[in-house]
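Here's a walk through one protein chain, taken a piece at a time. Keep the picture open and follow along as we go.

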Amino acid sequence: MADSQLLLKRGPFRSTWLRARKTRTQLVLSRRPRRRLGTLRWCGRRRLRRRLLQAQAAGADWRESSCLVSRAATRRPKTATPSPAPAAATAPSGPASLPIPPVRPAGPGRALVLLPLEQGFTFSGICRVTCLYGQVQVFGFTISQGQTAQDVFSTYTHSRLTINAVHYSITEKSKKEMKREARALLRSHLNRDDRCWLMKNFSPLCSIVMLEQLKTSTVNFLVSHPGLSYVFVQESPTFQINSEHLALRSVGIRREKKKNGLRLTESALSAMEELVTVSCEEVDGCPVILVCGSQDVGKSTFNRYLINQLLNSISCVDYLECDLGQTEFTPPGCISLLNITEPVLGPPFTHQRTPQKMVYYGKPSCKNNYENYIEVIKYVFSSYKRESPLIVNTMGWVSDKGLLLLIDLIRLLSPSHVVQFSSGRSKYMPNLTPDYVDDMDGLYTKSKSRVRNRGFQLAEFTESLEFADEEKESPVVFTGHKLMCVQSDFAFRKTPRNRESHNKVLRDLAVLGYLGQLQPPVPKPLCPLHGLTPYQVPFNAVALRIIHADVAPTHILYAVNASWVGLCKILDDVRGYANGPILLAQTPICDCLGFGICRGIDMEKRLYHILTPVPPEELRNVNCLLVGAISIPHCVFKSQRGLEGTIPYITTDYNFKLPGASEKIGARETEETREEKVHPKPKLYRKIN
């Protein structure tokens, strides 16, 4: 009974001490400071931590010594007497004795990471990664010693990335010879102290990585907008304020827990290994890999990882983007074909690239206009040369008409492999086996049995898709495909309630990433968009078309002003018109060369003022401006530096009754659009000054 009373009496004090020990695993305190530590608040504990670090800087090695920290050492760190380190406190050698990769500062904005074999370093933030010795892998891409540095983006919006040390082949050398070789490689990168530290902790098959601070014009432009700095690094209170934390913070990154890093399931890794093998050993043409599944199951992450894995063995990979809402390499609302030759080590807004073929669809969804969606994909897919493996990304809409549309895509593209994602949280989706696809009617195509029973050839019903003459000679053929089922267990923050707002943020980031190309290269300072000189385009040099709504001709310039525009090239010659503007009656399927902002309209001189990063030699081919439902992020209007007084294009005095005032007016009405008219959502509106 007395023992139980004693335990109850000491319970609160012991729990307080355990919590303090958990937050400061490296402290060794005597009983009196331990009792005083239990009464400190969070700010007091943080102050104590800072004093101990100051004591270490003054020479008191309290982390490696076994001495007890006295009260004088914590209050007067500058005069603290350093305690002798025990002789047994030497750095262990061997991968098993280094459970945590040691980090060492290597100058301002630089840090060294020593990774034993099969250990990883998970982080958040952005940095430039150079493998000085050995071999590491980031997001499926292997970086070996001697290769160029890679820019890595581990953002808050996606899973954290991990630098993993992988096995590399070595010749039969002794540990001394390996150390001599490593020391020779490091001599041109590091000073003597850093080399000695690395050689002291060196072990066979370990990898040495240099992390450097990364500054790009796109990143600086993104971070310059209020509220977007959290995308790369989230500042949070931490008790781990040591030399490692300070070194990583100078680089611009922060160590994360391993559970926050990217983790692929066994089925995903198995499918990826098989696809890489097939792509490298394929003799009869290159494989066409179609990835499908419902929303938020990891399709885009799988595609990036697969691209990086393929680039380890082959020089390039083709990529067909069929997802209008969450595009990978272009702003949203596009269907594009790209040839990828460099690894993809970040989210979409960090690697905006110029496609070899692109069409601006103008909306983040193809609902109510499926036939045009199929026609655009067919137009872009016709540029595929079949010289590299092709990865096809599809939408996450796989129910009702979305499933029928996916069946049409499989018949149109004739993939050799279909990777189908499923999750316990996603809606049920039937397995898209070759037999299932052959027996099901699509949205525009019929099943094999119905075609056979009607007694006409396959080419007859494919004519309903209006194939080109060269495609009619070799119509779509049901060659069959191999179905690869992947079970996903991604943990994500999206819910049915916040999914749309989350996707809207990602679309805005993609637009901002594209606009970041307007900025001068580092180290030149950022220039606000209103400080850049726009191109002047005469009214009679380009044709206009509003894609997503029917706008009266008298109000079409109101819709174009301060809008996101696609810079396109049509076959028709628009020259010869005296004044303008020139309006198109139908939306053309044409090449899109890039995007820009119609910053203003000069009615007296009849000029459009366009801001765009497209080079002038490409702008000579632009003769059409397409305006869709993709809007400019609100932060571009509200948060540009240097604006004083009334902000242009921002107003609360707006007339909804004007034709074209709302993007829904004039479009096909559904129940959702009628509800939005009755209960309009608050938003920012544009006007011409």
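Let's start with two helices, α5 and α6, in what is a predicted model. Helix α5 covers residues 175-186 and helix α6 covers residues 192-200, and the two pack at an angle of about 155°. Angles over 145 degrees count as roughly antiparallel, so α5 and α6 are roughly antiparallel to each other. Their axes lie 10 Å apart, and the crossing of α5 and α6 is right-handed. Which residues of α5 and α6 meet? On the α5 side you'll find Lys179, Ala182, Arg183 and Leu186, while α6 brings Arg195, Leu198 and Met199. Sort the residues of this contact by kind and you get four nonpolar, three charged and no polar.

Step back for a moment to the chain as a whole. The protein chain has 689 residues, and 48% of them count as buried. Its secondary structure comes to 21 helices and 23 strands. If you take the contacts with a separation of 6 or more, 75% of them are between residues 24 or more positions apart.

Now for the sheets. A quick reminder helps here: strands of a sheet pair through backbone hydrogen bonds, either parallel or antiparallel. One open sheet has seven strands in the order β13-β12-β11-β14-β10-β15-β16, and its pairing is mixed. At the edges stand β13 (357-360) and β16 (482-487); each has a single partner strand, so one side of each is left without a neighbour in the sheet. From one strand to the next, the twist averages 15°. Look at the β13 end: strand β12 (residues 334-340) pairs with β13 in the antiparallel sense over four bridges. There, Ser336 has Met358 in β13 as its bridge partner.

Helices lie across these strands too. Helix α9 (residues 266-281) lies across β10 (288-292), β15 (417-422) and β16, running at about 150° to β16. Helix α10 (residues 299-311) lies across β10, β11 (317-321), β12, β14 (390-393) and β15, and runs at about 170° to β14.

Further along, there's another open sheet of seven strands, ordered β17-β22-β21-β19-β23-β18-β20, also with mixed pairing. Its edge strands are β17 (535-538) and β20 (582-583), each pairing on one side only. Strand β19 (residues 564-569) and strand β23 (residues 624-627) run antiparallel and are joined by four bridges. Cys568 stands opposite Cys624 in β23.

Let's zoom in on Leu607, which sits in strand β22 (residues 607-611). Is Leu607 buried or exposed? Its relative accessible area is 12%, and under 20% counts as buried, so Leu607 is buried. What does Leu607 touch, leaving out residues up to four places away in sequence? The list is Gln536, Val537, Pro538, Phe539, Gly600, Ile601 and Asp602. Gly580 is 27 residues from Leu607 in sequence, and the two are 9.9 Å apart in space, C-alpha to C-alpha.

One last stop is Ser217, found in helix α7 (residues 217-223). With a relative accessible area of 16%, Ser217 is buried as well. Setting aside neighbours within four places in sequence, Ser217 is in contact with Gly516, Gln519, Pro520, Val522 and Leu526.

Notes. Residues numbered from 1 in each chain as written. Predicted model: local features only at pLDDT ≥ 70, side-chain atom pairs only at ≥ 80, totals over all residues. Heavy atoms only, no water. Axes fitted to C-alpha atoms, helices over the stretch in contact; angles between N-to-C directions. Parallel < 35°, antiparallel > 145°, perpendicular 65-115°, else oblique. Left-handed = near helix turned anticlockwise from the far one by under 90°. Contact = heavy atoms within 4.5 Å. Nonpolar A, V, L, I, M, F, W, Y, C, P; charged D, E, K, R; others polar. Pairing = 2+ DSSP bridges. Buried < 20%, exposed > 50% of the residue type's maximum accessible area, 1.4 Å probe, protein only.
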